[in-house]
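Q: I would like a close look at a single helix in this model, with its surroundings described before the details.

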Amino acid sequence: QIHQCQRAMGHGLSTAEICTCWTVRNGHSASRQVSKEKGSWRPTLPHLVLHFDVNKTIVMVDTIQGIPTSDVLNGILAECAWGRAKPNGHGPPEKGWQLVEEMPSSVRPTQKPELMSYLEYLEQCLPGKAKEMKKKREQVWKKFTEPGEPGELLRPHYENMAAQLEMQGRMVGTGMVIAAFFDLVAELVKNGRSFSIVFRTFGSDLPAVQAEFNAFCAGEHPRYPDLCLDGSAEGKPDLRLTEENTGSWYRSADNCSIVWGTTTLEEDLHVTKGVLDDFLKLPGNTGLLSSRGWDAVIKDLQTKTSKPSVLALRDYFPYWQKGGQHGPYGKLLPVDPADHRCHPIFFDDNITLDAEDTKIVDVRDKTGKALWPVYAQRYYISRAEPLLAVADDNYYIRKVEEIEHNFQRKRLARLRLRAATLTVSKMLREEAEAKKFDLPKRSAGYDPWEKSRVSISKIHFSSSIAAADEEEHALMVK
């Protein structure tokens with residue numbers, strides 16, 4: 001049935017993949033690569049395409065906007081501190097919040113759902129999405145744990161996070177990317193996994209991330225001096241980020257494109273008032289390569305990420321802002337739910353765990369249809385928690401394992417469903433073949449068991465049970 005299933009699905013399954021069904025159903029781990037050693041079968045895992053937001057996902061400093069690590073850490077704690085509004089008289093509104101939970105948490109306390117984080121409180125007392133209001137809130141939360149501020153009791157947590165980031169050997173180069181990201185890459189290479197990485201951001205900090213990641217690939221990270229991913233080590237992929245693998249998204253109501261080789265498209269489009277076609281026709285831009293339209297974007301992305309590689313794509317902020325900063329206008333993530341040979345996963349600290357809106361990631365299938373956020377959250381997107389990522393170097397390793405576990409269960413359920421469908425189809429075909437034979441006609445009331453059937457009213461249960469017990473005892477004695 002499995003062999004029939006592979007033909008019906010349009011692509012063959014290896015013997016090892018067929019063994020995946022047996023492995024999982026018999027309680028064995030399905031988390032390792034395939035092995036053809038004698039007496040050992042393990043499943044082939046899919047190629048991973050890992051999309052990472054930059055700020056507060058793998059980087060805890062904003063060099064572009066000039067926000068230092070200290071301010072970023074205060075912002076993280078302000079988002080994870082839970083309290084309630086308090087009477088403040090004529091004092092400043094930002095001081096009208098009182099801490100209730102002394103332990104910061106990325107999850108709202110289930111026993112006290114009425115509590116709000118300090119950032120939520122600021123959005124109520126200083127509302128608005130305009131830049132000036134965002135700047136005003138920023139000036140408040142970046143001092144959150146300082147003496148006299150609402151979060152001063154959380155100052156020890158701030159100092160602990162700062163110490164974690166400053167620990168020797170944690171960072172390299174510009175000191176931006178956290179160890180949890182590098183540890184994930186090292187773990188995937190160690191396990192022989194096939195994977196690609198795509199850096200995603202609305203900001204303009206991709207060149208700095210590129211420089212630091214390429215330094216890591218060259219073996220310049222103090223934690224991994226022997227890990228060379230620049231093509232010089234035999235058997236190791238060349239994961240250096242090159243210019244042809246950088247690009248900028250462009251999105252509008254009727255257009256979806258990627259312009260390759262530049263991460264400044266958003267600023268450059270001011271020359272043509274945001275019109276992409278006019279921009280590409282300018283004399284200095286005729287050599288730019290672009291993926292124009294949904295089908296071309298899907299094809300080119302698949303080509304670049306189907307083998308080990310690293311990309312850096314800047315997402316188009318004007319479209320997200322125009323759409324009210326909601327998921328369907330955010331960072332595009334194309335997926336194919338029917339393809340279990342490739343597994344894309346998107347990590348972003350701004351993802352909301354909501355049944356109607358992811359807030360920032362737009363997950364669509366290959367036809368362009370949006371996926372239900374709950375479904376996407378189970379298999380393709382994950383909210384990054386900077387509070388945990390800073391403290392735990394294995395954070396992203398565990399997050400990938402969790403989503404892969406869900407993905408593998410979906411994959412096996414689909415195979416079982418296909419096999420069951422083919423079994424039923426076979427039974428229907430056999431029934432149709434049987435009808436071709438000229439069998440004797442029977443009347444509607446014909447009962448083949450008429451002479452053998454005994455009426456239940458004629459059975460004396462006590463005697464029949466006793467007889468059965470005697471027969472069973474005799475068999476046991478024998």
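How many helices and strands does the secondary structure of the chain come to? After that, please take helix H7 (residues 179–190) and describe its place in the largest nonpolar core.

A: The model is a predicted one. Its chain has a secondary structure of 16 helices and 13 strands. Of the 478 residues in the chain, 44% are buried. Taking contacts between residues at least 6 apart in sequence, 66% join residues at least 24 apart.

Helix H7 covers residues 179–190. With 12 residues at 1.5 Å a residue, H7 should span 16 Å, and because its end C-alpha atoms are 16 Å apart, the model agrees with that expectation. After H7 comes Gly-192, which has a positive phi, near 70 degrees.

H7 is mostly covered, with 10 of its 12 residues buried. The buried positions begin with the run Ala-179, Ala-180, Phe-181, Phe-182, Asp-183, Leu-184, Val-185 and Ala-186, and also include Leu-188 and Val-189. The cover over these buried residues includes two strands, S1 (47–53) and S5 (195–201), as well as the helices H8 (206–217), H14 and H15 (395–434).

The largest nonpolar core holds 68 residues, and Leu-50, Phe-52, Phe-181, Ile-197, Phe-199, Phe-213 and Tyr-396 are those with the most contacts inside it. H7 supplies the largest share of this core, 8 residues. In soluble globular proteins, nonpolar side chains tend to be buried together.

Phe-181 shows how H7 is joined to its surroundings. Leaving aside neighbours within four places in sequence, Phe-181 is in contact with Phe-52, Ile-58, Ile-197, Phe-199, Phe-213 and Tyr-396. Apart from the largest core lies another core, of 15 residues, with Trp-320, Leu-371, Ala-376 and Ile-381 among them.

H14, one of the elements covering H7, also appears in the lining of a cavity. The structure holds 2 cavities of 30 Å³ or more, and the second largest cavity contains about 40 Å³ of space. Its lining consists of Ile-76, Glu-79, Cys-80, Asp-349, Arg-383, Ala-384, Glu-385, Pro-386 and Leu-387. Helix H3 (69–80) and helix H14 (386–391) are the elements that give two or more residues to this lining; H3 gives the most, with 3 residues. By class, the lining residues of the second largest cavity divide into 5 nonpolar, no polar and 4 charged.

Methods. Residues numbered from 1 in each chain as written. Predicted model: local features only at pLDDT ≥ 70, side-chain atom pairs only at ≥ 80, totals over all residues. Heavy atoms only, no water. Core = buried A, V, L, I, M, F, W, Y, C linked by side-chain atoms within 4.5 Å. Buried < 20%, exposed > 50% of the residue type's maximum accessible area, 1.4 Å probe, protein only. Helix = DSSP H or I, 4+ residues; strand = E, 2+ residues; numbered from the N terminus. Contact = heavy atoms within 4.5 Å. 1 Å grid on protein atoms, 1.4 Å probe; cavity = no way out; pocket = protein on both sides within 12 Å on 5 of 7 lines; lining within 4 Å. Points joined across faces, edges and corners; volume = space filled by probe spheres on them. Nonpolar A, V, L, I, M, F, W, Y, C, P; charged D, E, K, R; others polar. Expected span 1.5 Å × (residues − 1).
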